Amino acid sequence: MDQGTRVWTEPCLLQAAKQEYDRVIEEFLVVGEKLFGPYIWGRHTATSLVLPVRYDVLFKPPLFPFGGMENPCLTFITTCILAGDRSLADVIVHEICHSWFGNLVTNGNWGDFWLNEGFTMYAQRRVCREHYGEAYSSLEAATGRALLRQHSKGPPTQQTACEDQTRFKFHSVMAEDALEFFLEYFPDLKKKGVHKIEGLEFDSWLNVPGWPPYLPDLSAGQSLMKPTEQLSELWAVEGLDMASIKKTNIQAWKTYQTVYFLEKIIEKSPLPRETGGAVPSHHKSNNAELRLRWAQIISKNQHQPGYQHVRSLLSCQGKQMYTLLVYRALWNGSEETRALATEIFSATSHQLHVNVRNYVKKIIA
Ligand SMILES: [Zn+2]
């Protein structure tokens, strides 16, 4: 592919993987270097900003339970991101950003894992904003928030994040080190006592569960989100007005707009109509993020014509996040969807990663 970048897959996926990421990885690396400093892995000297470097991606078999694992020089990644149109490349961006946050500076214990993932998510959004523009990256962030209900906090500035990894590179750090450095780097904020403002005390940030009092402003994505919210409203009313629904050309939407739309439908499900009634259908899509949401909608609305889709999704991949979300939706539904969950689990449990299998057992116990 690019100079210094290779994909490794089972033979049947090689062409698809090559096509999906040819030249794209290098573009993301260039943006990462611009924002966060030299990418040092697989490089003999850390002084030159000129590529090539070594960044290979190994596509794991479909039952690999995680989205990705950022091993330096050789990221492991799920085949679920092979959408055919590069629309799920944000996962690769995420793993690339771990080159700076996670691999270059690492959390000192598992309780501070947020240092790895928090800074990496921030870095991912920054790279995506540079590459795709602010509207799209805000939309993608809103989708992530809706799905994961992640706790989030006021974002550090890019500069602090950058200095942070320069100061601590090749070290494992604790939350206290990072927070202390933050105040040291911003003496004005320290003087103002930002770390003592109610709800934003570092102790609350670190130890109090629930949503924080501050959430990043994603209104830059409004122009993309608005039409999806409007369409979801049309689906959520008692009598369906298909004529109005069909007026929206969702074929013209970007992938994450459709994802966001389906998230809204999931929030509103079960939809106010008889069991098994009409739901927005995405049965033709090969995109794993869309297939996941559609399976959740089918489960929550007990939409019998879609049960085969749920079976197929839970049989052909074993990503932990997808698998658990769908089993939860099935188990929280009716007797019928619970029976479906049990049937699918008994047919597929032998192929699941042992952790995923044990988590599913807990859900359907
Ligand atoms: Zn990560």
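These legends accompany several close-up views of a predicted model.

**View 1. The whole chain sets the scene for the close-ups, with 17 helices and 6 strands in the protein.** Of its 365 residues, 36% count as buried. Contacts between residues at least 6 apart in sequence are worth a look here: 66% of them join residues at least 24 apart.

**View 2. The largest nonpolar core of the protein has 71 residues.** Welcome to the interior. The residues with the most contacts inside this core are I92, V93, L262 and V326. Domain 1 (7-132 + 153-207) and domain 2 (277-365) both contribute residues to the core, so the core lies between them. As a general point, nonpolar side chains in soluble globular proteins tend to be buried together. If you follow L262, one of the residues with the most contacts inside the core, you will find that L262 touches P280, L290, R293, W294 and I297, leaving out residues up to four places away in sequence.

**View 3. Helix α2 (residues 24-36) packs against helix α3 (residues 90-97) at an angle of about 45 degrees.** The axes of the two helices are 10 Å apart. An angle of about 45 degrees makes α2 and α3 oblique to each other, and α2 passes α3 in a right-handed crossing. On the α2 side, the contact is made by I25, F28, L29 and G32. On the α3 side, the partners are I92, V93, I96 and C97. Two of these names may look familiar from the previous view: I92 and V93 are among the residues with the most contacts inside the largest nonpolar core.

**View 4. Helix α2 also packs against helix α4 (residues 113-132), here at an angle of about 115 degrees.** Their axes are 10 Å apart. The two helices α2 and α4 are therefore roughly perpendicular to each other, and α2 passes α4 in a right-handed crossing. From α2, the contact draws on E27, F28, V31, G32, L35 and F36; from α4, it draws on A123, R126, V127, E130 and H131. Keep an eye on F28 and G32 of α2, which take part in the contact with α4 and also in the contact with α3.

**View 5. Helix α15 (residues 320-331) crosses helix α16 (residues 335-348) at roughly 140 degrees.** The axes of this pair come within 7 Å. With that angle, α15 and α16 are oblique to each other. Y327, L330 and W331 of α15 meet T337, R338, L340 and A341 of α16 in the contact.

**View 6. V360 is found in helix α17 (residues 354-363).** Is V360 buried or exposed? V360 is buried, because 24 other C-beta atoms lie within 10 Å and the cut-off for a buried residue is 20 or more. Leaving aside neighbours within four places in sequence, V360 is in contact with T323, L324, Y327 and F345. Among these partners, Y327 is also part of the contact that α15 makes with α16. L325 is 35 residues from V360 in sequence, and the C-alpha atoms of the two are 9.7 Å apart in space.

**View 7. A cis peptide bond joins S269 and P270.** Omega is about 0 degrees at this bond. P270 is found in the loop between α12 (255-268) and α13 (288-301).

**View 8. R86 and Q302 each have a positive phi in a residue other than glycine.** For R86, phi is near 65 degrees, and the residue sits in the loop between β4 (74-77) and α3. R86 counts as partly exposed, with 15 C-beta neighbours inside 10 Å. For Q302, phi is near 45 degrees, and the loop in question runs between α13 and α14 (307-316). Q302 is buried, as 22 other C-beta atoms lie within 10 Å.

**View 9. E180 lies in helix α7 (residues 175-185).** How many C-beta neighbours does E180 have inside 10 Å? There are 15, so E180 counts as partly exposed. K190 is 10 residues from E180 in sequence, and their C-alpha atoms are 9.7 Å apart in space.

Note on methods
Residues are numbered from 1 along each chain as its sequence is written. This is a predicted model: local features need pLDDT of at least 70, side-chain atom pairs count only at pLDDT 80 or more; totals for chains, interfaces and linings use all residues. Helices (H or I, at least four residues) and strands (E, at least two) are DSSP runs, numbered from the N terminus. A residue is buried if 20 or more other C-beta atoms lie within 10 Å of its own, exposed if 12 or fewer, and partly exposed in between; C-beta atoms are placed from the backbone. Two residues are in contact if their C-beta atoms, placed from the backbone, lie within 7 Å. A nonpolar core is a set of buried Ala, Val, Leu, Ile, Met, Phe, Trp, Tyr and Cys residues joined through C-beta atoms within 7 Å. Domain bounds come from an automatic or database domain assignment. Axes are lines fitted to C-alpha atoms, for helices over the stretch in contact, and angles run from 0 to 180 degrees between N-to-C directions. Angles under 35 degrees count as roughly parallel, over 145 as roughly antiparallel, 65 to 115 as roughly perpendicular and the rest as oblique. A crossing is left-handed if the near helix is turned anticlockwise from the far one by less than a right angle, and right-handed if clockwise.
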